[in-house]
Each structure stands twice: as structure tokens, then as C-alpha cells.
Amino acid sequence: ITGVFFTGLVMIFFVVLIFPTVNKKPAIITQIAPIGSDEFMQMFSEITDAPLENGETVTPIDNGTTFLPILLDSLNTASSSIDFTTFPWADGSFNNQVFNALISAALRGVQVRLLLDAFGSHSLSKNYIQKLQAAGGKVAEYHPFHILNPLQYDSRDHIRSIVIDGKLGFTGGMGITNEWFSEKPNDTFEDMMFEVKGTMAQSLQDSFAQIWNETTGEIISGPNFYPKLSTNIKSTNKFVGITSIPSGDYEPVRDAFVLTALSAKKKIYIAASYIIPDPGLLKVLEDKAKEGVDVRIVSPGPNTVAPILRAAWHLDYAPLLAAGVKLYEYQPSMIHTKFIVADDVWSLIGSANVDNRSEAINTENLLGVNDPTLANSLDTTFFDYLSRSKEITAKDWSQEYGFWSSLYSKIVLILNKQY
């Protein structure tokens with residue numbers, strides 16, 4: 001017993017040493033501009049170090065059963081290029097159909113590039129990869145395990161960037177596994193993808209190009225990937241496209257979350273698959289609720305693939321509820337959606353979760369979009385989620401969440417950077 005206990009202490013010490021507890025700086029801003037204003041958009045662009053651009057309409061797509069036919073149609077009609085990266089990727093019906101479309105595209109002369117995260121695709125069989133390569137497609141693996149640099153395996157390509165012919169793109173929360181495409185509704189992840197065009201699609205292309213270049217050394221350029229776009233854009237929407245490859249204190253994903261929360265005047269709605277706000281962001285959400293901002297968060301209930309993360313998140317329930325934040329747990333299945341919508345005009349969509357891994361470890365992509373139509377659509381989706389969720393009240397939580405649950409949450413929080 002003594003030996004086991006000693007070994008356990010050594011392992012905990014190693015984890016704490018290599019993956020230290022999150023210690024973010026407070027979230028402070030000297031001057032807050034209203035969300036939706038030109039000043040806010042310019043500030044958001046400057047703080048996240050990403051360009052402010054004119055965009056087009058964003059089309060939300062609910063769940064894998066709706067997304068797959070749209071995706072296959074776009075792959076089957078591609079004429080020049082397909083750039084594809086998402087997380088995770090595993091064998092199954094979803095995988096088979098997507099790979100068959102990629103192989104067919106490569107055989108008809110389309111330049112196909114597929115970037116797989118080493119951790120996220122570890123269970124994917126090599127058969128389809130070899131067929132795609134034999135057809136002329138290029139496949140690369142991001143951060144495979146290497147004995148001389150084992151920690152790189154922990155830094156993952158979590159980006160969702162699918163770009164066809166440089167002018168049509170998809171981003172959101174979905175991966176290519178059967179969790180997004182089950183015949184049984186309660187076994188299927190609740191999730192969203194977003195179809196974008198024009199400059200927004202080329203912003204996703206930029207995300208892919210950066211991580212592809214880091215992985216392979218190949219620079220993606222030219223009209224096959226960046227065709228000349230029409231200047232006749234009727235939409236007045238503005239957007240900022242963020243690619244986050246964390247380095248040191250550079251964390252644009254966290255900056256995007258914090259600035260959105262700090263600037264909200266009426267409401268902040270967060271749908272998140274994995275959520276462990278850092279102390280700075282947590283305080284902003286509490287302060288906003290105390291000011292009268294309608295702050296609501298929906299996250300996984302008992303149907304979750306990451307019970308440890310859910311337990312760590314539970315540690316924040318009491319202070320959030322005390323501040324007036326409304327918390328909900330989705331009941332029918334695992335909710336994997338990732339978006340934040342604020343003040344009827346502003347949305348954050350893309351691959352990032354509201355946790356330290358997305359902020360400081362993984363590569364991620366986000367689109368910050370100033371578009372009332374998209375915001376209204378996400379509001380509707382959010383309240384649809386709430387209709388299928390259990391609201392957590394302060395009274396019920398104080399009775400349900402006791403000493404041992406709190407202790408367990410504190411222990412697993414130490415390991416949160418591992419997920």
C-alpha cells in the first residue's frame with residue numbers, strides 16, 4: 001500500500017509540474033465600446049490581432065444528419081481544391097462516406113489536402129488514408145507522438161476548417177465520427193456547423209493554411225485556394241477571423257471570450273461542450289450578472305463523454321448561481337455545440353471550448369460575427385436547448401453538491417489541461 005501511495009504522489013507531482021494550475025491575469029479593459037459598434041469591432045480586431053473584414057451571410061446547420069448531405073454535395077461538386085481538418089476522426093459510416101467523396105474528388109483532379117490530428121485520429125484505420133494518397137490526395141498528421149518531444153502530442157489541432165474551391169467553407173463543433181451520425185437520436189451529439197462563403201471561407205482557408213504550413217512546410221497560395229471574389233457583397237456584416245496557435249501569453253481565444261463578456265450590456269448566452277472558465281473570465285461573468293446582464297450557460301448533463309470535465313466545471317456553479325448566472329444542463333444527449341451570442345448582434349462561432357485547453361494549448365479557430373440575423377438564429381437555438389435542459393438552482397445545488405463532490409471537483413480540476 002505504501003508503494004502504491006508513493007507512486008500516486010509522484011504521478012500527481014509530475015502532472016502538477018508539467019501541467020500547472022491555470023493562473024490567468026484579471027480581465028480589465030480601460031474603455032468599453034458597445035457590442036455591434038464600429039469601435040467594438042475595431043477593438044476586437046486589435047486585441048485578437050486578426051483583421052476586420054466585410055462578410056456574407058452565415059448559415060447554421062443543425063446536427064450531423066443534416067450536415068453530412070450538405071458536406072458530401074460540396075465535396076462532390078468541388079472543382080479545384082479541398083482543404084479539410086477537423087477533430088476527432090474515427091472509423092464508421094460518417095468516415096466512410098466522407099473519405100469516398102474525398103477519394104472521388106482527388107481522382108477527378110481536385111487538389112485534396114487532409115490534415116489529421118494525431119491524437120484525434122489515433123483509432124482511424126490506414127486503409128482509407130492510403131486510398132486517398134494513391135488517388136493523389138495529400139494527408140498529413142499534426143503532432144504525432146515522438147519520444148524526443150512527447151509533450152507535442154498534448155497540443156492538438158482542434159480547428160474545424162473545411163474549405164472547397166477557396167470560396168465555400170464550414171466550421172463549428174463537429175468531427176467525423178459516428179457520435180455525430182447515429183441512427184438513434186439520443187446517441188447522437190447535439191451540435192452545429194456553420195456554412196460560410198467568400199471572405200469568411202477564405203478566413204477559414206487561412207486557418208487551414210497556417211496549420212498545414214506548420215505541419216508540412218508547404219505554403220498554400222494561388223487562385224485554386226484564394227480565387228478572386230466578387231466585390232458585389234450586399235451584406236453589411238462585419239467579422240473577425242481568429243486562428244489561435246498559442247505561444248507564451250498570446251491567447252486570442254481567451255481575449256475573444258473576455259472582450260465579448262466585458263462589452264455585453266443586455267445578455268450573454270453560452271452553449272459549451274466543455275467549460276471551465278479561467279478565474280478572470282469567471283469573475284467577468286459573475287460581475288455582469290450582478291449588473292443585471294442576462295447571463296445563461298447551457299452545458300452537458302449526465303450524458304457526457306467527459307464526466308471529469310463536468311465535475312471540474314461543477315466547482316464554479318455556486319459562485320455563478322450566487323451572482324445570478326442561470327445554469328442549465330442538457331438532458332437528451334451529449335451537447336457538443338460551441339457558440340456565444342451577445343446583445344442580439346454579436347456571435348462567436350468555431351472550434352473553441354470555454355476552457356484552458358482551447359485558450360492556451362490547442363490550435364483553434366473562431367469567427368466573431370456582427371450580424372443580427374445570425375444572432376437571432378442562435379438565440380432561437382439556445383432557447384430550444386433550454387427547453388430540453390434542466391435548470392440548476394442555487395437551493396437545489398446547495399443540497400445536491402456536498403463536501404465529497406466538491407473535493408472530487410478540486411482534484412480533477414488539477415488535471416483539466418489534460419483534456
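**Pocket and helix pairs: a chat**

Modeller: The largest pocket here has a volume of about 590 Å³. Keep in mind that this is a predicted model.

Biologist: Which residues lie nearest the centre of the largest pocket?

Modeller: Phe87, Pro88, Phe119, Tyr274 and Val305 lie nearest its centre, out of 27 lining residues. By class, the lining splits into 13 nonpolar, 9 polar and 5 charged residues.

Biologist: What makes a residue count as part of that lining?

Modeller: It needs an atom within 4 Å of a pocket point. For the largest pocket, 27 residues line it.

Biologist: Pro88 caught my eye. What is the peptide bond from Phe87 to Pro88, cis or trans?

Modeller: That bond is cis, with omega near -5°. Pro88 sits in the loop between strand E3 (81–86) and H4.

Biologist: On to the helices, then. Why are H3 and H4 called roughly parallel?

Modeller: The axes of H3 (residues 63–76) and H4 (residues 93–107) cross at roughly 15° and come within 9 Å. Angles under 35 degrees count as roughly parallel, so H3 is roughly parallel to H4. The crossing is right-handed.

Biologist: Which residues make the contact between H3 and H4?

Modeller: On the H3 side you have Phe67, Leu68, Leu71, Leu72, Leu75 and Asn76; H4 brings Phe94, Gln97, Val98, Ala101, Leu102 and Ala105. By class, that contact has 10 nonpolar, 2 polar and no charged residues.

Biologist: H4 pairs with H5 too. Why are H4 and H5 called roughly parallel?

Modeller: Run the test again: H4 and H5 (residues 126–134) have axes crossing at roughly 15° and coming within 8 Å. With the cut-off under 35 degrees, H4 and H5 are therefore roughly parallel to each other. The handedness of this crossing is left-handed.

Biologist: How do you know that residues of H4 and H5 are in contact?

Modeller: Contact means heavy atoms within 4.5 Å. The contact is made by Asn95, Asn96, Phe99, Asn100, Leu102, Ile103 and Ala106 of H4, along with Tyr128, Ile129, Lys131 and Leu132 of H5. Sorted by class, the contact of H4 with H5 has 7 nonpolar, 3 polar and 1 charged residues.

Biologist: And what about H7 and H8: why are they called roughly parallel?

Modeller: H7 (residues 252–263) and H8 (residues 279–290) have axes that cross at roughly 15° and come within 9 Å. Since angles under 35 degrees count as roughly parallel, H7 and H8 are therefore roughly parallel to each other. Their crossing is left-handed.

Biologist: Which residues make the contact of H7 with H8?

Modeller: From H7 there are Arg254, Phe257, Val258, Ala261 and Leu262, and from H8 there are Gly280, Leu281, Val284, Leu285 and Lys288. The class split for H7 with H8 is 7 nonpolar, 1 polar and 2 charged residues. Gly280 counts as polar here, because Gly is among the polar residues.

Biologist: One last thing, on the backbone. What is the phi of His143?

Modeller: His143 has a positive phi of about 50°, although it is not a glycine. You'll find His143 in the loop between strand E5 (138–142) and strand E6 (161–164).

Definitions and conventions. Residues numbered from 1 in each chain as written. Predicted model: local features only at pLDDT ≥ 70, side-chain atom pairs only at ≥ 80, totals over all residues. Heavy atoms only, no water. Axes fitted to C-alpha atoms, helices over the stretch in contact; angles between N-to-C directions. Helix = DSSP H or I, 4+ residues; strand = E, 2+ residues; numbered from the N terminus. Parallel < 35°, antiparallel > 145°, perpendicular 65-115°, else oblique. Left-handed = near helix turned anticlockwise from the far one by under 90°. 1 Å grid on protein atoms, 1.4 Å probe; cavity = no way out; pocket = protein on both sides within 12 Å on 5 of 7 lines; lining within 4 Å. Points joined across faces, edges and corners; volume = space filled by probe spheres on them.
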